[in-house]
Amino acid sequence: MTGGTSGIGFALAKRFMDLGNQVLAVDFSEKNIEAAKKERPELLTYKADLSFPDDREALKTWVDDNFSDLDILFNDAGIQRWINLQNLKHDWSWYHQELAVNLEAQLHLTFLFLPQITAQPNGAFINISSGLVINNGAWVPVYTASKNGVHGFTQAPRLQLQDTATKVFEILPPAVNTNLGGAGEHNYGNDLDEFADAVIQQLQDDLPEITFASSWDQLRADKATNQKTTQETWNLFKDNPTFKDA
């Protein structure tokens, strides 16, 4: 599980372990790894910066040597940045990092682990996208673009593997109260434990597209309703001083 030591990832990692699974959590933050291990000593961990292809390939080599019975790849790692397109002030490498972690890493890791997971009798890929693939998050344009890429890509292996035993899930979270994007940025979001419990239940029910609260409504709404919601949400952000300076 990438990003498995904090936020949504850690909440779900704990639930997987509670169900009797062995979980390997991958994270770049030593602080997050230490905190997660302190709370759940049985959690296996590996430190990597998944924005770098070499780190992803090193992870694959380590898994081959130490965790060869891997049967689920859970692509959760992600970063989110507010970006005012009329106030661009970073070089491309800064913007690209968000694409690399959110999209490129998911695709690359899927390619790396596909043969191993499809060889398992109950293999699965679980990808995290976002409710923002339905209602565009204009204040986080690179994040939204990357998650649209995840959404589009996830449908491909689901179709290509439909005649195999391997399952492909996509989780489309609404706003959840985590530190994604920075501490306090999602205090308005849904309760993390309630969200995580709902995700586990939907995985157990074999639902390919997993939603909760507002993302459940968004996935089933008509285009006009979603366009209206998108505009109303943008109106809440466009005059925010933090966004204007982003």
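The following paragraphs describe strand pairing, helix packing and selected residues in a predicted model.

The strands β1 and β2 run parallel and are joined by four bridges, and within this pairing Val-26 has Tyr-46 of β2 as its bridge partner. Together with helix α2, which comprises residues 30-39, these two strands make a β-α-β unit that is right-handed. Strand β1 is covered on both of its faces, since Leu-24 and Val-26 are buried on one side while Ala-25 and Asp-27 are buried on the other.

Helix α3 packs against this part of the model through its buried residues, which are Arg-56, Leu-59, Lys-60 and Val-63. Viewed down the helix axis, these buried residues of α3 fall within an arc of 100°, and they therefore line one face of the helix. The elements against which they pack are β1 (24-27), β2 (44-47) and α4 (92-118). On the other side of α3, by contrast, Asp-54 and Asp-65 are exposed. The length of the helix was also examined: for the 14 residues of α3 (residues 53-66), a rise of 1.5 Å a residue leads to an expected span of 20 Å, and the C-alpha atoms at its ends are 20 Å apart, in agreement with that expectation.

A further set of strands forms an open sheet of four, in the order β3-β4-β5-β6 and with parallel pairing. The edges of this sheet are occupied by β3 (72-75) and β6 (209-210); each has a single partner strand, so one side of each is left without a neighbour in the sheet. Helix α4 packs on the sheet, where it touches β3 and β4 (124-128), and its direction makes an angle of about 175° with that of β3.

At one end of the strand order, β3 and β4 pair in the parallel sense over four bridges, with Asn-127 in β4 serving as the bridge partner of Asn-75. The chain passes from β3 through α4 to β4, and the resulting β-α-β crossover is right-handed. Helix α4 thus takes part in two sets of contacts, as the buried residues of α3 also pack against it. At the other end of the order, strand β5 (residues 167-171) pairs with β6 in the parallel sense over two bridges, and here Ile-171 has Ile-210 of β6 as its bridge partner.

Two residues in the loops on either side of β6 merit a note on backbone conformation. Asp-206, which lies in the loop between α6 (192-204) and β6, has a phi near 60°, a positive value in a residue other than glycine. With a relative accessibility of 40%, Asp-206 counts as partly exposed. Ala-213, found in the loop between β6 and α7 (214-220), likewise has a positive phi, near 55°, and is also a residue other than glycine. The relative accessible area of Ala-213 is 33%, and this residue is accordingly classed as partly exposed.

Within helix α6 lies Ala-198, which has a relative accessible area of 18% and is buried because this value falls under the cut-off of 20%. Ala-198 and Leu-43 are 155 residues apart along the chain, and their C-alpha atoms are separated by 22 Å.

Terms used:
Residues numbered from 1 in each chain as written. Predicted model: local features only at pLDDT ≥ 70, side-chain atom pairs only at ≥ 80, totals over all residues. Heavy atoms only, no water. Expected span 1.5 Å × (residues − 1). Buried < 20%, exposed > 50% of the residue type's maximum accessible area, 1.4 Å probe, protein only. Arc of directions from axis to C-beta. Contact = heavy atoms within 4.5 Å. Pairing = 2+ DSSP bridges. Axes fitted to C-alpha atoms, helices over the stretch in contact; angles between N-to-C directions. Right-handed = clockwise from strand over helix to strand, strands pointing away.
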